[in-house]
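Trainee: I have not looked at this structure before, and I would like to go through it slowly with you. Could we take it one question at a time?

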Amino acid sequence: MIHWLKQLRSAFGVAFLWLVCLIYFTQGFRSFVWTAVSYQLKDRLQLSPSASQFVFSVAFFPWSIKPLYGIISDCIPIRGKKRTPYLVISTVLSLVPWLLLGLDSTSRSSSLYLMIFLTVQNLGSAMADVVVDAMIAEAVRLEKASFAGDLQSVSWLAMALGGICGSLLGGYALTNLKIETIFLLFTVLPALQLLSCTLVEEFPVSNEPLAELLDSNEFEEKSKMSNDNYQDYQDTKKSSTRRRKGQKKGKKGASNGKSETQKKQSKSFASQLFQSLKAATLELCRAFKQPIILRPMAWFFIAHITVPNLSTVMFYYQTEVLQLDASFLGTARVVGWLGLMLGTFIYNRYLTKMTLRKSLLFAHIGLSITIVLDMVLVYRANVGYGVSDKTMVLFGSALADAINQLKFMPFLILSGRLCPPGIEGTLFALFMSINNLGNTVGSFMGAGLASLLGISSGSFENMFMGLAIQVFCTYIPVLFLFLIPKEATGVSAS
């Protein structure tokens, strides 16, 4: 293990590895503060389960537009840099909302203000996720491609460790600290991340928009440009900058505007920038319209939107009816993280040769079983057999996260396989956004179902019916499995 880490350190550098691990650890550790948000909505603001789920659905929407962040950072360098400036911006967006929520009682006492701040925070987190993924891809390509899997493994381990620590400490913190204090404590990690951004050195690129994002004809045309002419342009720009500085010192009013040459250059760059953004978007759309890509992604989207998410409603039921405290729910989330890691191991070890259609079918059957376990819990049948509520929750949490991971692994494999060369990062971000958008829509569906059935705080009479509907809906995506390539498995192309 130590030798492996030393190899990664020598390949990528301590500063880069530290930043990657810190960002992914922070992503996992978010459970520390989001548990507090759940209690803030439930106990302080007295929101109904459907209203709380609506707030969460809106707040997590920025994760559904991740390709936008990738295209912008690729096409619009800031002072010649494409990664670290955007990482700084995203970290500030992640830091400031928690700081304001911790210091300002008005912002956390209003559901509207709270939803806005949570949305901004998720915007920063999602942008940081995209940027660090791009940094990893570039580092692997420029340094040692043989370490690609190792770097991804480090990222997942850091996130899992963050999730376990956040879940354990989150439950303890809610028992012993005020919610506003928890918000302020969490700002330590984004602040540390902000400082760490200064440790990573990024060499400026040309201000010219990325050629690889243009179509093939534009790329060939741009590649014929003379390097000498481009260098002359850079020298002209630098010398004009020096002249402007000198004029400010001793020759005030000598020049009141740009020269015609500078205006043309500025106009040319703006035009190239627009063409680059346009070409990147069109290339993404062209790739996504291909049936081999569109059909599988449509299935994963359908698999989310047809199954209403009742997780927030179950949280209310567990805390109000079962009287489970925050510390225990934190432990349940830790068990869930362990279940997720177990699901990853099982799939990689035993299920990679199974066709994706079959593995996704079994995953949905397993998900329906986990919902049935919730129905047993709500019906209180477990008490008659001497099984405690805590045992049911712990077992259900581990099983649900393990099965969800068994469903997510085929998604990752298929997504990586479908990405054409040249736009892998942006298209993969689009796939992830489809997955996240599906989750968001499913969450809205769950909020609507809870509201339709009249499930609210202190009123859970129709909870059993809601879960029964959820079980039925779990089998709807099975009818659309024909959209998945028939022979595709975890190890061979379709």
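Trainee: Is Gly366 buried or exposed?

Mentor: In this predicted model, Gly366 lies in helix α18, and its relative accessibility comes to 9%. Since buried means under 20% relative accessible area, Gly366 counts as buried.

Trainee: How many Å separate Gly366 and Thr474, C-alpha to C-alpha?

Mentor: Along the sequence, Gly366 and Thr474 are 108 residues apart. Thr474 is among the residues of α22 that make the contact with α18, and Gly366 itself lies in helix α18. In space, C-alpha to C-alpha, the separation of Gly366 and Thr474 is 9.8 Å.

Trainee: Are α18 and α22 roughly parallel or antiparallel?

Mentor: Helix α18, residues 356-379, packs against helix α22, residues 463-474, with the two axes 9 Å apart and at an angle of about 170°. Because angles over 145 degrees count as roughly antiparallel, the relation of α18 to α22 is roughly antiparallel.

Trainee: How many residues of the contact of α18 with α22 are nonpolar?

Mentor: On the side of α18 the contact includes Leu367, Ile371, Val372 and Asp374, while α22 contributes residues including Phe464, Leu467 and Gln470. When the residues of this contact are divided by kind, four are polar and one is charged, and the number of nonpolar residues is eleven.

Trainee: Where is Arg380, and is Arg380 buried or partly exposed?

Mentor: Arg380 has a positive phi of about 70°, although it is not a glycine. Its place is in the loop between α18 and α19. With a relative accessible area of 31%, Arg380 is partly exposed.

Trainee: Which other residue that is not a glycine has a positive phi, of about 55°?

Mentor: The residue with this phi is found in the loop between α3 and α4. It has a relative accessible area of 61%, so it counts as exposed. The residue is Gln46.

Trainee: How many of the eleven residues of helix α4 are buried?

Mentor: Helix α4 spans residues 49-59 and is mostly covered. Among its buried residues are Pro49, Val55, Phe56 and Ala59, and Ala59 has a relative accessible area of 0%. Of the eleven residues in α4, the number buried is eight.

Trainee: Which residues does Ala59 contact, leaving aside its neighbours within four places in sequence?

Mentor: Ala59 lies in helix α4, and Leu118, though 59 residues away in sequence, is 5.4 Å from Ala59, C-alpha to C-alpha. Leaving aside the neighbours within four places, the contacts of Ala59 are Trp34, Leu118, Thr119 and Asn122.

Trainee: Which helix gives the largest share of the largest nonpolar core?

Mentor: In soluble globular proteins, nonpolar side chains tend to be buried together. The largest nonpolar core here has 52 residues, and those touching the most other members are Val33, Trp34, Val37, Leu41, Trp98, Leu118 and Phe183. The largest share, seven residues, comes from helix α3.

Trainee: How many residues are in the second, separate core?

Mentor: The second core is separate, and its members include Phe300, Phe408, Met409 and Leu412. The number of residues in this second core is 33.

Trainee: Why is helix α5 described as largely enclosed by the rest of the structure?

Mentor: Helix α5 covers residues 66-75, and its buried residues include Tyr69, Ile71 and Cys75 as well as Lys66 and Asp74. The helix is largely enclosed because the number of its ten residues that are buried is eight.

Trainee: How many Å separate the C-alpha atoms of Leu294 and Leu483?

Mentor: Leu294 lies in helix α15, residues 291-305, and is partly exposed, with a relative accessible area of 38%. Although Leu294 and Leu483 are 189 residues apart along the chain, their C-alpha atoms are separated by 8.9 Å.

Trainee: What percentage of the residues of the protein count as buried?

Mentor: The secondary structure comes to 22 helices and zero strands, and the structure holds zero disulfides. Among contacts with a separation of 6 or more, 84% are accounted for by residues 24 or more positions apart. Of the 494 residues of the protein, the share that count as buried is 48%.

Notes
Residues are numbered from 1 along each chain as its sequence is written. This is a predicted model: local features need pLDDT of at least 70, side-chain atom pairs count only at pLDDT 80 or more; totals for chains, interfaces and linings use all residues. Side-chain values use heavy atoms; hydrogens and water are left out. A disulfide is a pair of cysteine sulfur atoms within 2.5 Å. Axes are lines fitted to C-alpha atoms, for helices over the stretch in contact, and angles run from 0 to 180 degrees between N-to-C directions. Helices (H or I, at least four residues) and strands (E, at least two) are DSSP runs, numbered from the N terminus. Angles under 35 degrees count as roughly parallel, over 145 as roughly antiparallel, 65 to 115 as roughly perpendicular and the rest as oblique. Contact means heavy atoms within 4.5 Å. Ala, Val, Leu, Ile, Met, Phe, Trp, Tyr, Cys and Pro count as nonpolar, Asp, Glu, Lys and Arg as charged, and the others, Gly among them, as polar. Buried means under 20% relative accessible area, exposed over 50%, partly exposed in between (1.4 Å probe, protein chains only). A nonpolar core is a set of buried Ala, Val, Leu, Ile, Met, Phe, Trp, Tyr and Cys residues joined through side-chain atoms within 4.5 Å.
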